[in-house]
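Here is a friendly walk through one protein, with a stop at its charged side chains, a buried acid and a pocket. Have a look at the sequence and the 3D view before reading on.

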Amino acid sequence: MTDTAEFPPDDDPGREEAPAGWLRPEDLAAARAQLPLVYVDAVPVQVDESGDVVSVGLLLRATPLGSMTRALVSGRVLYHERVRDALLRHIEKDLGPVALPQIPASPQPFTVAEYFPTPGITPFHDPRQHAISLAYVVPVSGDCRPQQNALDLAWLTPEEACSDTVQAEMVNGQGTLVRQAMAHVGRLD
């Protein structure tokens, strides 16, 4: 049996505790500077009765500089959180509590995206960090409404979502993920 060390309590009265699984902002900044973080990207889709993808949901967001961009559902996987739970949490956060995502019992990503703080290494870029993102196509069957900092949710045909016009509205490589997702489900050659 191995002995464990007892650490004294933190006596800093100004230090706030973060919710379980969350890092304080300064701890997150330190982690981002030193190691890759795990994320999930979800491409929300609507399917017909035979399971074919008929529309793709893209969020409209404002950047800190005031420009408008199209985006996917995306976010960090928390410590001690299953990937499935992270997908559900981020879909609910961005699409609302009644989006009714249909995540399989054993979710498998259609690709793994590597986001780097240095542009040009891969098609994916995140100026804040090096992140590894597991990307999923997630059918939703409920009432989806933009939440949090999303201004709008547009349902586009797969062809519209992959068009050059819409792709130009997406940043940091998420347009590439949409095209890869549509190729994965057989809607793009």
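Which residues are linked with Arg24 in a network of salt bridges? They are Glu26 and Asp27. Before going further, keep in mind that this is a predicted model.

## The overall layout

Let's start with the big picture. The protein has five helices and seven strands. Going along the sequence, they come in the order α-β-β-β-β-α-β-β-β-α-α-α.

There are 189 residues in the protein, and 39% of them are buried. As for who touches whom, take the contacts with a separation of 6 or more: 64% of these are between residues 24 or more positions apart.

## Salt bridges

How many salt bridges are there? The count comes to 11. One of them belongs to the network with Arg24, Glu26 and Asp27: arginine 24 pairs with aspartate 27, with 3.1 Å between the closest N and O atoms. Arginine 24 is buried, because its relative accessible area is 17% and the cut-off for buried is under 20%. Aspartate 27, on the other hand, is partly exposed at 28%.

Another bridge brings together arginine 89 and glutamate 81, at 2.8 Å from N to O. Here the acid is the buried partner: glutamate 81 has a relative accessible area of 18%, while arginine 89 is partly exposed at 24%.

Then there is arginine 187, which forms a salt bridge with glutamate 159, the closest N and O atoms being 2.7 Å apart. This pair ties together distant parts of the chain, 28 residues apart: glutamate 159 sits in helix α3 (residues 158-161), and arginine 187 lies in the segment after α5 (174-184). Both partners are partly exposed, arginine 187 with a relative accessible area of 28% and glutamate 159 with 44%.

## A buried acid with no salt bridge

Now for aspartate 41, found in strand β1 (residues 37-47). Aspartate 41 is buried, yet it has no salt bridge. How far away is the nearest side chain of opposite charge? That side chain is arginine 128, and it is 9.0 Å away. A salt bridge needs the nitrogen and the carboxyl oxygen within 4 Å, so arginine 128 does not qualify as a partner at 9.0 Å.

What does the side chain of aspartate 41 make polar contacts with, then? One partner is the side chain of serine 74, at 2.6 Å. Another is the side chain of serine 133, at 2.7 Å. Setting aside neighbours within four places in sequence, aspartate 41 is also in contact with other residues, among them Val73, Tyr115, Leu134, Gln174 and Leu177.

## The largest pocket

Time to look at the open space. The largest pocket holds about 930 Å³. It is lined by 33 residues, and those closest to its centre are Tyr39, Arg61, Ser74, Asp126 and Arg128. Two of these names have already come up: Ser74 is a polar partner of aspartate 41, and Arg128 is the nearest side chain of opposite charge to aspartate 41.

Which element gives the largest share of the lining? That is α2, with four residues. Several elements each supply at least two residues, including α1 (25-34), β1, β2 (53-62) and β6 (131-139). Strand β1, home of aspartate 41, therefore also has a part in the lining of this pocket.

Methods:
Residues numbered from 1 in each chain as written. Predicted model: local features only at pLDDT ≥ 70, side-chain atom pairs only at ≥ 80, totals over all residues. Heavy atoms only, no water. Buried < 20%, exposed > 50% of the residue type's maximum accessible area, 1.4 Å probe, protein only. Lys, Arg positive; Asp, Glu negative; His and termini not counted. Polar contact = N/O pair within 3.5 Å; in protein donor to acceptor, adjacent residues only side chain to side chain. Contact = heavy atoms within 4.5 Å. 1 Å grid on protein atoms, 1.4 Å probe; cavity = no way out; pocket = protein on both sides within 12 Å on 5 of 7 lines; lining within 4 Å. Points joined across faces, edges and corners; volume = space filled by probe spheres on them.
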